Amino acid sequence: MLTGKTIVLRPLEREDVKLIHKWQNDEEVMRLARSEPDHAISMEALTTELDKSIKAEDQMTRRFGIEEKSSKKLIGWCSIRLNSWANRYTSAEIGLAIGERDRWKKGYGTEITSLLLKECFEQLNLHRVGWWTYGDHKASIALAKKMGFREEGRLRENSFFDNQFHDGVVMGLLRSEYEKSQH
Ligand SMILES: CC(C)(COP(=O)(O)OP(=O)(O)OC[C@H]1O[C@@H](n2cnc3c(N)ncnc32)[C@H](O)[C@@H]1OP(=O)(O)O)[C@@H](O)C(=O)NCCC(=O)NCCS
């Protein structure tokens with residue numbers, strides 16, 4: 001459990017699947033979260049996917065439910081995906097999605113990201129954290145930059161949705177940069 005001022009990142013439970021199913025079939029959320037507005041997933045397929053987290057079978061991906069402290073409601077999900085290189089765990093990708101749209105732009109994304117970064121650098125002892133998005137995703141890029149991420153590369157026109165190609169943007173934050181930002 002990662003506890004912030006206004007939100008808690010907690011394990012996902014079986015009863016959360018219904019809400020995540022709603023958000024993962026929401027065109028706007030999935031356009032932003034995965035560059036996939038036409039994403040459609042059945043309850044059964046989602047349950048199978050999340051079962052690995054619920055049963056703690058997937059050691060490489062840590063998924064959390066984002067719970068709003070004031071309402072005790074689940075408002076989204078987030079994850080830390082560890083990368084292994086020669087059996088060493090030096091980096092991870094983080095991702096988050098606030099599924100309840102009326103909770104956007106309230107500072108939650110900032111708090112969630114800082115909890116994920118704290119976990120990556122101060123508990124998992126990682127060296128680099130990565131962040132993937134697409135070129136037109138202003139909110140994601142603004143949030144990543146605010147947290148100290150730098151753009152490391154652009155995959156030109158590597159994804160296609162809404163009848164056009166979009167650049168993929170790879171951002172990264174090194175441990176030394178994170179540590180500087182904490183003082
Ligand atoms: C992207 C997302 C996580 C941002 O979370 P949030 O709670 O709205 O972000 P915050 O309120 O903490 O804002 C963080 C910064 O981003 C900026 N920002 C937020 N939304 C923005 C937007 N639509 N356009 C430009 N900047 C934006 C804020 O101004 C803030 O910067 P500031 O503090 O300097 O003003 C959230 O909108 C979301 O979950 N969207 C759906 C899924 C998704 O896109 N996931 C990310 C995939 S990479």
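Helices here are DSSP runs of H or I with at least four residues, numbered from the N terminus. The model is predicted.

**Exercise 1. The ligand shell**

Task: Find which helix supplies the largest share of the shell around the ligand, and describe that shell by class.

Solution.
- Step 1. List the contributing elements. Helix 2 (27–34), strand 5 (88–98), helix 4 (108–123) and helix 5 (138–146) each give at least two residues to the shell.
- Step 2. Pick out the main contributor. Helix 5 provides six residues, the largest share.
- Step 3. Look at the residues that come nearest. Of the 20 around the ligand, these are Leu32, Ile98, Gly109, Thr110 and Ala139.
- Step 4. Sort by class. The shell holds eleven nonpolar, five polar and four charged residues.

**Exercise 2. The sheet**

Task: Work out the strand order of the open sheet, then state which strands stand at its edges.

Solution.
- Step 1. Read the order. The eight strands run 1-2-3-4-5-6-8-7, and the pairing is mixed.
- Step 2. Go to the ends. Strand 1 (2–3) and strand 7 each have a single partner strand, so one side of each lacks a neighbour in the sheet.
- Step 3. Recall how strands pair. Backbone hydrogen bonds join the strands of a sheet, either parallel or antiparallel.
- Step 4. Assign strands 4 and 5. Strand 4 (residues 74–85) pairs with strand 5 in the antiparallel sense, over ten bridges. Asn83 has Ser91 of strand 5 as its bridge partner.
- Step 5. Assign strands 5 and 6. Strand 5 and strand 6 (residues 128–134) run parallel and are joined by three bridges. Ala92 stands opposite Val129 of strand 6.
- Step 6. Trace the connection. Strand 5, helix 4 and strand 6 form a right-handed β-α-β unit.

**Exercise 3. Strand 8 and its two partners**

Task: Compile the bridges that strand 8 makes with strand 6 and with strand 7, and find the residues opposite Met171.

Solution.
- Step 1. Take strand 6. Seven bridges join it to strand 8, and the two run antiparallel.
- Step 2. Locate pairs. Gly130 has Gly172 in strand 8 as its bridge partner. Trp131 stands opposite Met171.
- Step 3. Take strand 7. Eight bridges link strand 7 to strand 8, again antiparallel. Here Glu151 stands opposite Met171.
- Step 4. Combine. Met171 is faced by Trp131 and by Glu151.
- Step 5. Inspect the turn. The hairpin of strands 7 and 8 has two residues between the strands, and Asp162 takes a positive phi near 50° there.

**Exercise 4. Two positive phi values**

Task: For Ser35 and Asn163, give the phi value, the loop, and decide whether each is buried or exposed.

Solution.
- Step 1. Start with Ser35. Its phi is near 55°, positive in a residue other than glycine. Ser35 sits in the loop between helix 2 and helix 3 (43–54).
- Step 2. Apply the cut-off. A residue with 20 or more other C-beta atoms within 10 Å is buried. Ser35 has 20, so it is buried.
- Step 3. Turn to Asn163. Its phi is near 60°, also positive in a residue other than glycine. Asn163 lies in the loop between strand 7 (150–161) and strand 8 (164–174).
- Step 4. Count again. Asn163 is exposed because it has 5 C-beta neighbours inside 10 Å.

**Exercise 5. The core and two reference residues**

Task: Describe the largest nonpolar core, then characterise Arg63 and Leu46 by burial and contacts.

Solution.
- Step 1. Size the core. The largest nonpolar core has 38 residues. Those with the most contacts inside it are Ile66, Cys78, Ile94, Ile112, Leu116 and Cys120. Helix 4 gives the largest share of this core, seven residues.
- Step 2. Set the context. Nonpolar side chains tend to be buried together in soluble globular proteins.
- Step 3. Open up Ile66. Beyond four places in sequence, its contacts include Ile7, Leu9, Trp77, Ile98 and Ile112.
- Step 4. Place Arg63. Arg63 is in strand 3 (residues 61–68). With 21 C-beta neighbours inside 10 Å, Arg63 counts as buried.
- Step 5. List its partners. Leaving aside neighbours within four places in sequence, Arg63 contacts Leu12, Ser53, Trp77 and Ser79. Arg63 and Leu12 are 51 residues apart along the chain, yet their C-alpha atoms are separated by 7.0 Å.
- Step 6. Place Leu46. Leu46 lies in helix 3 and is partly exposed, with 16 C-beta neighbours inside 10 Å. Not counting residues up to four places away, Leu46 touches Val17, Ile20, His21, Gln24 and Ile41.

Key. Residues numbered from 1 in each chain as written. Predicted model: local features only at pLDDT ≥ 70, side-chain atom pairs only at ≥ 80, totals over all residues. Near = placed C-beta within 6 Å. Nonpolar A, V, L, I, M, F, W, Y, C, P; charged D, E, K, R; others polar. Buried ≥ 20, exposed ≤ 12 C-beta atoms within 10 Å, placed from the backbone. Core = buried A, V, L, I, M, F, W, Y, C linked by C-beta atoms within 7 Å. Contact = placed C-beta atoms within 7 Å. Pairing = 2+ DSSP bridges. Right-handed = clockwise from strand over helix to strand, strands pointing away.
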